[in-house]
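Biologist: Could you pick one part of this model and take me through it closely?

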Amino acid sequence: MNFCRRDILLAFILAIATLTTYWQVRHYDFINYDDEAYIYMNRHVTDGLTSGSIIWAFSAVHSGNWHPVTWLSHMTDVEFFGRQAGPHHLVNVLFHIANAVLLFFVLLQLTGEVWKSIFVAALFALHPLHVESVAWVSERKDVLSTFFAFLTLGSYAQYVKLK
């Protein structure tokens, strides 16, 4: 599907609205619930992207979870930002923005309904139920799985359209 300027402008407005809503998380610190085990006291993560930590990410079940992409994401954050909590939070915000924009384009592709699609995507982006997933660094697994789910839906919709 070809997206027109209006669609891109709406996606941009959605991204700005989402960023504005969650911008304050850049001042948040890690919390002592899961962030300790996931990030700042996990030596595999705090070592960054090393061969040992990458092998660990794919082989370990830690904190009751096996999710290597999440571990690699946290390790990448450490590579770029160290142990500063604010940028780790902003990465979650960026994934959430990407998710909202992806949802808009996927719904638009599936339905052709611009205003209904932007409404649903805005509801997804700004609904208070998503605060935990966005503002809690350890919930990166949620924003990541949503990102890949929306990419999958969009890819499948495109495949069906081309078939």
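Modeller: Here's the pairing of two helices, followed by the salt bridges around it.

This is a predicted model, so local features need pLDDT of at least 70 and side-chain atom pairs count only at pLDDT 80 or more, while totals for chains, interfaces and linings use all residues. Residues are numbered from 1 along each chain as its sequence is written, and side-chain values use heavy atoms, with hydrogens and water left out.

Take helix α5, residues 68-81, and helix α9, residues 140-162: their axes come within 10 Å and cross at roughly 115°. (Helices are DSSP runs of H or I, at least four residues, numbered from the N terminus; axes are lines fitted to C-alpha atoms over the stretch in contact, with angles from 0 to 180 degrees between N-to-C directions.) That makes α5 and α9 roughly perpendicular to each other, a label that covers 65 to 115 degrees. On the α5 side, V69, T70, S73, H74 and D77 make the contact, meaning heavy atoms within 4.5 Å; α9 brings R140, K141, L144 and F148.

Two of those residues, R140 and D77, also meet through their side chains in a salt bridge, 2.6 Å from N to O (the cut-off is a Lys or Arg side-chain nitrogen within 4 Å of an Asp or Glu carboxyl oxygen). This pair ties α9 to α5 across 63 residues of chain. R140 and D77 are both buried (under 20% relative accessible area; exposed is over 50%, partly exposed in between, with a 1.4 Å probe and protein chains only).

K141 has a salt bridge too, with E139, where the closest N and O atoms are 3.5 Å apart. Here E139 is buried at 14%, whereas K141 is partly exposed at 21%. The structure holds three salt bridges; the R6 and D7 pair is another, at 3.1 Å.

Key: Helices (H or I, at least four residues) and strands (E, at least two) are DSSP runs, numbered from the N terminus. Angles under 35 degrees count as roughly parallel, over 145 as roughly antiparallel, 65 to 115 as roughly perpendicular and the rest as oblique.
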